[in-house]
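Let's take a walk through this model, starting from one acidic residue and working outward. Have the viewer ready.

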Amino acid sequence: MCRAARRCAPHLLKRIRKVRKDKGCTHKKNSKVRSDKGGKHERAEDTVQQPCVEWARSRDLLVVGSAVAQYMGGARAWKRLQDKGCEAGVADILILEGGVLGEHGLAVEFKAPGAPPPSDEQAAWLARAESKGWRSAVISSVPDFKKLVREYTGNFRARVLLQHE
């Protein structure tokens, strides 16, 4: 056995396999089989977010999606991401365009219809963005997103003025 057997990965794996074999580990037996095994693992709000991003980009808006929302790694990897500027609670997309009312940008958090409200981290991040001059919103449908962006960019206001003339 290796001098550092307690820390040596190959020896740890052998010990784990031996314990599972000796105790008759049921880990695999009791785990659920995913209905989408082998396919993409989509979140419910993806069905709202993807068409919204496509629509915004088709209007030549500068849109950035948050990779943090998709993170599913370990603690060390998360620490490295934090050191690079990533943080929990960041909105799903950021529109890096100024608004007609002087906002610096638009932060949008997508939630599936009927989903729980934003987490504490998400709500805190959105509030922080607003305190810095950004507009933030929680959206659950494509029409709501389009209306929000039109209001934010001024297209909605221009269309309303034209209708009343």
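What follows looks at a glutamate, the sheet around it, and a charged pair elsewhere in the chain.

## A glutamate without a salt bridge

Keep in mind that this is a predicted model. Go to Glu 109, which sits in strand E3, spanning residues 106-110. Is Glu 109 buried or exposed? It's buried, and it has no salt bridge. The nearest side chain of opposite charge belongs to Lys 111, 4.0 Å away.

So what does the side chain of Glu 109 reach? One partner is the backbone nitrogen of Asp 92, at 3.5 Å. There's also a polar contact with the side chain of Gln 122, at 3.0 Å. Setting aside neighbours within four places in sequence, the residues in contact with Glu 109 include Val 90, Ala 91 and Leu 126. Ala 137, Val 138 and Ile 139 are also among them.

## The sheet around it

Zoom out and you'll see an open sheet of 4 strands, running E1-E2-E3-E4 with mixed pairing. Strands E1 (63-65) and E4 (135-139) are the edges, each pairing on one side only. On average, and ignoring direction, neighbouring strands are turned by 20° against each other.

How do E3 and E4 pair? They run in the parallel sense, with 5 bridges between them. Val 108, for one, has Ala 137 in E4 as its bridge partner. Helix H5 (residues 120-131) packs on this sheet and touches E2 (93-95), E3 and E4. The direction of H5 makes about 165° with that of E3.

## One salt bridge, elsewhere

Opposite charges on side chains can pair up when the charged atoms come close. How many salt bridges does the structure hold? Just 1. The partners are Arg 135 and Glu 151, whose closest N and O atoms are 3.5 Å apart.

This pair ties together distant parts of the chain, 16 residues apart. Arg 135 belongs to strand E4, while Glu 151 is in helix H6, residues 142-153. Are these two buried or exposed? Arg 135 has a relative accessible area of 24%, so it counts as partly exposed. Glu 151 is likewise partly exposed, at 28% relative accessibility.

## Putting it together

Two glutamates, then, are worth a look in the viewer. Glu 109 is buried and has no salt bridge, but its side chain has a polar contact with that of Gln 122. Glu 151 is partly exposed and forms a salt bridge with Arg 135.

Technical notes:
Residues are numbered from 1 along each chain as its sequence is written. This is a predicted model: local features need pLDDT of at least 70, side-chain atom pairs count only at pLDDT 80 or more; totals for chains, interfaces and linings use all residues. Side-chain values use heavy atoms; hydrogens and water are left out. Helices (H or I, at least four residues) and strands (E, at least two) are DSSP runs, numbered from the N terminus. Buried means under 20% relative accessible area, exposed over 50%, partly exposed in between (1.4 Å probe, protein chains only). Lys and Arg count as positive and Asp and Glu as negative; His and the chain ends are not counted. A polar contact is a pair of N or O atoms within 3.5 Å; within protein, one must be able to donate a hydrogen and the other to accept it, and residues adjacent in sequence count only if both atoms are side-chain atoms. Contact means heavy atoms within 4.5 Å. Two strands pair if DSSP finds at least two bridges between them. Axes are lines fitted to C-alpha atoms, for helices over the stretch in contact, and angles run from 0 to 180 degrees between N-to-C directions.
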